[in-house]
Amino acid sequence: MIRIVTIIGARPQIIKAAAISRTIRDFFTETIQEIIVHTGQHYDEKMSQVFIEQLQIPTPHYNLGIGSASHGIQTARMIEKIENVLLTEKPDFVILYGDTNSTLAGAVAGAKIHIPVAHVEAGLRSFNKLMPEEINRIVCDHCSTLLFSPTATGFHNLVREGFLPDTLPPYHINNPKIYHCGDVMYDNCLYFSDMAERNSQILQQYGLNPGKFILITIHRDSNTDQPQRLESIFRSLIRLTENTHLPVVLPIHPRTSKVLKSKLQLDPYKNLQHQPNILIIPPASFFDMILLEKNAALILTDSGGVQKEAYFYRKPCVILRAETEWKEIIETGAGALADANEEQILTKSIEYLKNPPRNFPPIFGDGLTAHFILNEIVATE
Ligand code: UD1
């Protein structure tokens, strides 16, 4: 029996880990035992528990209760507690997802005590080291033994950083193995899409008509913590809804919510209160988010995961960043970078509404990526 420790902590990791947990439960119970550790990075019910329930993840065996703090304090506390768990459990592998501080902490803790790290969503790069996530990705990849890249671009980024494309077993932190294997989030899209239709009432709840609203998410610190950028995004939203007469729906991340509450008396935020067509709603559950994505006419986002989900559901996506790790989405024409530039957001959005993209080639695998990853882990042991 192979024992793996899965580290989750932030909302996107809960989503990615679900595909692996489900595949273990359905196909690998004889060979793999999973121990789930939640760092507690995300702790609000709507950011964590509701995802664990809807995505059918077993209750975590450990909750480290770390919560919010500065990057240094948050990461250091996680490393200390994850190390304790790993020393107690002595797993054969630690599995990490994505690029958050929980990922970074798991990578450092595992690598330093010689527990092999498997990184799901390896190789992604924005080439912007001002993003905390970019530092987390680079460190995690270089602490890993098995690196599972969802895209061809991710695989090539690793080769450019010196990883060999064709190593032979036995794999080791000094002889890591890199794969281009598809995206576990696409596995989830196929698995949960119908279930979400049956379980979500979000369109009725907010009186939204399919194909007749715009969905937006904003949470990156580069947008929330720089007032000019956030103001510019909100000005563009006000103009977009006035121009198109379509409602704009914004499920709000706690970070963005805190910033907005402190600015409500300022331009352009005070105008928001006179905009019945801009619906700021609490963070959406997983099923509600799927329904919103599947039925939106257009999606605007600074999230990596939402960019991909837009693509899975064949929706145009205006990316509220200057660069993206998901280059393939831009190359197909299904996504466009608009940064936080008011004019660009407006122009690209209107272009997409007039001329929605039709070309969505399968760049995220075949929906069986979790299976592939677990087979490789079993074969490696
Ligand atoms: C984190 C990840 C980011 C990921 C995002 C998904 C890092 C560096 N960033 O960003 O890559 O895309 O999660 O959501 O790990 N907060 C709450 N309640 C919560 C969680 C957070 O109020 O349940 C507040 C915190 O007090 C903090 C802010 O939101 O002030 C940011 O939380 P944090 O987890 O540090 O970063 P995210 O912005 O969520």
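Student: Where does P268 lie?

Tutor: This is a predicted model, and in it P268 lies in the loop between α11 and α12 (269-272). Look at the bond leading into that residue too: the peptide bond from D267 to P268 is cis, with omega near -5°.

Student: Which other residues does a cis peptide bond join?

Tutor: P169 and P170 are joined by one, with omega about 5°. P170 is found in the loop between α6 (152-160) and β7 (177-180).

Student: What about phi? Which residue has a value near 60° while being something other than glycine?

Tutor: Q56 is one of them, with a positive phi near 60°. Find Q56 in the loop between α2 (49-54) and β3 (62-63). H245 also has a positive phi, about 60°, and is not a glycine. H245 is in the loop between α10 and β9 (248-251).

Student: Is H245 buried or exposed?

Tutor: The cut-offs help here: under 20% relative accessible area is buried, over 50% is exposed, and in between is partly exposed. H245 has 63% relative accessibility, so it counts as exposed. Q56 has 30%, so it is partly exposed.

Student: And at the other end of the scale, why does A109 count as buried?

Tutor: Because its relative accessibility is 3%. A109 sits in helix α4 (residues 101-112). Leaving out residues up to four places away in sequence, A109 touches I79, I82, E83 and L86.

Student: What does S232 touch, with the same neighbours left out?

Tutor: Not counting residues up to four places away in sequence, S232 touches A340, N341 and E342. S232 is in helix α10 (residues 227-244) and counts as buried, because its relative accessibility is 8%.

Student: Which side chain makes a polar contact with the side chain of Q74?

Tutor: That of N101, at 2.8 Å. Q74 belongs to helix α3 (residues 71-89), and at 7% relative accessibility it counts as buried. Setting aside neighbours within four places in sequence, the contacts of Q74 include Q41, I66, G67 and S68.

Student: S68 rings a bell. Which residues come nearest to the ligand?

Tutor: S68 is among them, along with H42, E133, R255 and K258; there are 19 residues around the ligand in total. By type, the shell divides into 5 nonpolar, 8 polar and 6 charged residues.

Student: Which helix gives the most to that shell?

Tutor: Helix α11 (residues 254-261), with 3 residues.

Student: How do I read the polar side of the site? What is the distance from an oxygen atom of the ligand to the side chain of R255?

Tutor: Go atom by atom. An N or O atom in the R255 side chain is 2.7 Å from a ligand oxygen. For D44, a backbone N or O atom lies 2.8 Å from an oxygen atom of the ligand. For Y43, a polar backbone atom is 2.9 Å from a ligand oxygen. As for cover, the ligand taken alone exposes 730 Å², and the protein buries 89% of that.

Student: Which domains does the shell draw on?

Tutor: At least three residues come from each of domain 1 (2-183 + 365-380) and domain 2 (190-354).

Student: How many residues of domain 1 are in contact with domain 2?

Tutor: First, a general idea: the size of an interface is often given as the accessible area lost when the parts come together. Here you can count residues instead: 29 residues of domain 1 are in contact with 22 residues of domain 2. The centres of the two domains, taken over C-alpha atoms, are separated by 27 Å.

Note on methods
Residues numbered from 1 in each chain as written. Predicted model: local features only at pLDDT ≥ 70, side-chain atom pairs only at ≥ 80, totals over all residues. Heavy atoms only, no water. Near = heavy atom within 4 Å. Polar contact = N/O pair within 3.5 Å; in protein donor to acceptor, adjacent residues only side chain to side chain. Areas by Shrake-Rupley, 256 points an atom, 1.4 Å probe, with all protein chains shown as cover. Helix = DSSP H or I, 4+ residues; strand = E, 2+ residues; numbered from the N terminus. Nonpolar A, V, L, I, M, F, W, Y, C, P; charged D, E, K, R; others polar. Domains from an automatic or database assignment. Buried < 20%, exposed > 50% of the residue type's maximum accessible area, 1.4 Å probe, protein only. Contact = heavy atoms within 4.5 Å.
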